[in-house]
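Visitor: Could you zoom in on one part of this model and tell me how it fits with the rest? I work with structures all day, so please spell out the cut-offs.

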Amino acid sequence: MTSLRIWLLLVFALVSGCASIDPLERYKDTGSATVLSQTSYHTDIVAHDGTVLRATVFQPALEPGVAAPVIIHTHGFGAFRAPRRFSIYGQLVLSGQAAMAAWDSGYWVISYDQRGFGDSEGKVQLMDPDYEVRDFITVLDWADEHLPRVRRAPDGDPYLGAIGESYGGAVQILASMQDPRLDAIVPIATWYSLQEALAPNNVVQSFWPFALDWLGTLGSGFDFDLINETSYQAALSGHIDSATTLDLNRRSPAEYCTTGQGIQADALFIQGLRDVLFPLNHGLANWNCAREAGQDAYLVAIQDGHIMPWPLQTFSGMPLFNTQADVRCGPYETTAIAMVLAFWDEKLKGITASRPRHCLTFGFGEPMPSADLILEHGGRNFRVPETPVKLGSSGRLELLLQPWDWLKGWFTPATSVPPAAEQPVTGGVLRPAFIPLYRAREGDFLAGVPHLQLVTSAQPGGEEGVLFAGLGVRRPGSPVIEVIHEQFTPVRVPAVQHTAMAGVVYPLAADETLGLVLQGFTGAYFSRGKGWGDQARAGGSITLPLHRPPDEPSAIQYIHINGSP
């Protein structure tokens, strides 16, 4: 009987979570002397082209004389708004959870369906500045004109914040470049350059473009017509042309940051280290864009973000998109929700707070030794000897072979580890090639953006191909190679390649061997490989962001490199 009551209460909450009273009555200014009760209701907002956007307004409880800032919540690609507290976003996704926490803390919150998704009309235009970005500004206009008791600056401008992940993070960045009314944005796991994300070094990813195609098509109820254009279909097949590149660029902050049209809001960027689609580099580039525009900006490196399903990536929580509940870096320790709320309280309510400029997390809950380190492009340079790698076979059977590595490691006694220069290069045929670079000391850690300079060549008569480069760690007495953050950078064969790799924040233990991993197959690019007989050779150098604990002098000499995602 008790279980039945719980279910009835839950059904009642879901059905009656939003008021059914005519929302036009809500817009009337009730006067500063009245009490506003906490409630929520749905409304329609008409975009510039007549498209109706469906939104849910969360009205805060306000005492007489109190006004509240406004938070705009935007959903990810293929998803829909938070229509009530008891919803997928309200309960399971960081952006929605933070929005609900803001509602409870005295903020107006508006969560709306972007065009083509959920209950909103229109076709999905893939973050077109003339449509999705303009829609966001229309929602700002609506809030400015219709919500009572909005906290305002002396010049009358409303205090406005925003939060959203991925697709919903990009819209607030791009909108802030057009509309200076936005004061405090929180983009989570979003892009700086959409073209570079989908096709790093012009090698189109396999998993995420197809996943986003299906999410957009099904999530919009088949209103994603753009993906059927010839150029986009060619991109899905692995051939990205100049027209598609230009089209993706106008949907990217990079296009505007490089021309001086910067971010006009203070920002808290949250980016995932294991996010293969939008790795840490994108958050760092957006952070730099905001800083160069004179904004107060912060960057938080969490572990997850967009995560491919097992066995393509290690499972760590929610499927496809996941974030961690807690954030720790140096002495700074908080929950992700509290961190976001404190940022808004400072920027929109004037409540003083402090946080690291870059909060870099080690592992799942393991704190970094310093909270003052700022990520940079550069580090210590290492030579990469010329190494042969089979393009078709290397790395393809890792899922089957790695368990044997773990088993062998249990029965292999630990021995002294020679310097990296004395360790042989292993693999390259069936297994990934592992090129030892550095034997770690206790307390060493990586934090920054590695840079790879490789010259690759194909065997005589061989076809053009792709190598995948990652950073790997081998522990003493173990044959297992752990690819840091499961990140790989595509390198064309043959080519002279100078490229940034995925940003890394990773602790090293004494006598671990840090090395470069080269292989011809990886799950994110599963359809981009070559035949089993093709072979490449690769050699050059790599620059690694190695650091020592903050209380110890570092013997590592750094070279500085200007980089981008």
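Guide: Let's start with Leu320, which sits in strand 10 (helices are DSSP runs of H or I with at least four residues, strands are runs of E with at least two, and both are numbered from the N terminus). Keep in mind that this is a predicted model, where local features need pLDDT of at least 70 and side-chain atom pairs need 80 or more, while totals for chains, interfaces and linings use all residues. Residues count from 1 along each chain as its sequence is written, and side-chain values use heavy atoms, with hydrogens and water left out.

What's odd about Leu320 is a positive phi of about 70°, although it is no glycine. Most residues other than glycine have a negative phi, and most peptide bonds are trans. Leu320 counts as partly exposed because its relative accessibility is 33% (under 20% is buried, over 50% exposed, in between partly exposed, with a 1.4 Å probe and protein chains only).

Now the space around strand 10. The second largest pocket holds about 960 Å³. A pocket here is an open set of points on a 1 Å grid over the protein atoms alone, where a 1.4 Å probe fits, with protein on both sides within 12 Å along at least five of seven lines; lining residues have an atom within 4 Å of a point. Points are joined across faces, edges and corners, and the volume is the space filled by probe spheres set on them. Of the 47 residues lining this second pocket, Gly76, Phe77, Leu215, His306 and Phe321 are closest to its centre. Strand 10 (320–322) is among the elements that give two or more residues to that lining, as are helix 3 (94–104), helix 9 (242–249) and helix 12 (336–349). Helix 7 has the largest share, with five residues. By class, the lining has 35 nonpolar, 10 polar and two charged residues (Ala, Val, Leu, Ile, Met, Phe, Trp, Tyr, Cys and Pro are nonpolar, Asp, Glu, Lys and Arg charged, and the others, Gly among them, polar).

Leading into strand 10 there's another quirk: the peptide bond from Trp310 to Pro311 is cis, with omega near 10°, and Pro311 belongs to the loop between strand 9 (305–307) and strand 10. A second cis bond runs from Val493 to Pro494, with omega near -5°; Pro494 is in the loop between strand 20 (489–493) and strand 21 (495–500).

Leu320 has company on the positive-phi side, too. Ser166, also not a glycine, has phi near 60°, and it lies in the loop between strand 5 (160–165) and helix 5 (167–178). Ser166 counts as buried because its relative accessibility is 9%.

For comparison, take the largest pocket. Its volume is about 1,400 Å³, and 48 residues line it, with Thr314, Gln402, Ile481, Val483 and Glu486 nearest the centre. Helix 13 gives the most to that lining, six residues. The class split there is 25 nonpolar, 13 polar and 10 charged.
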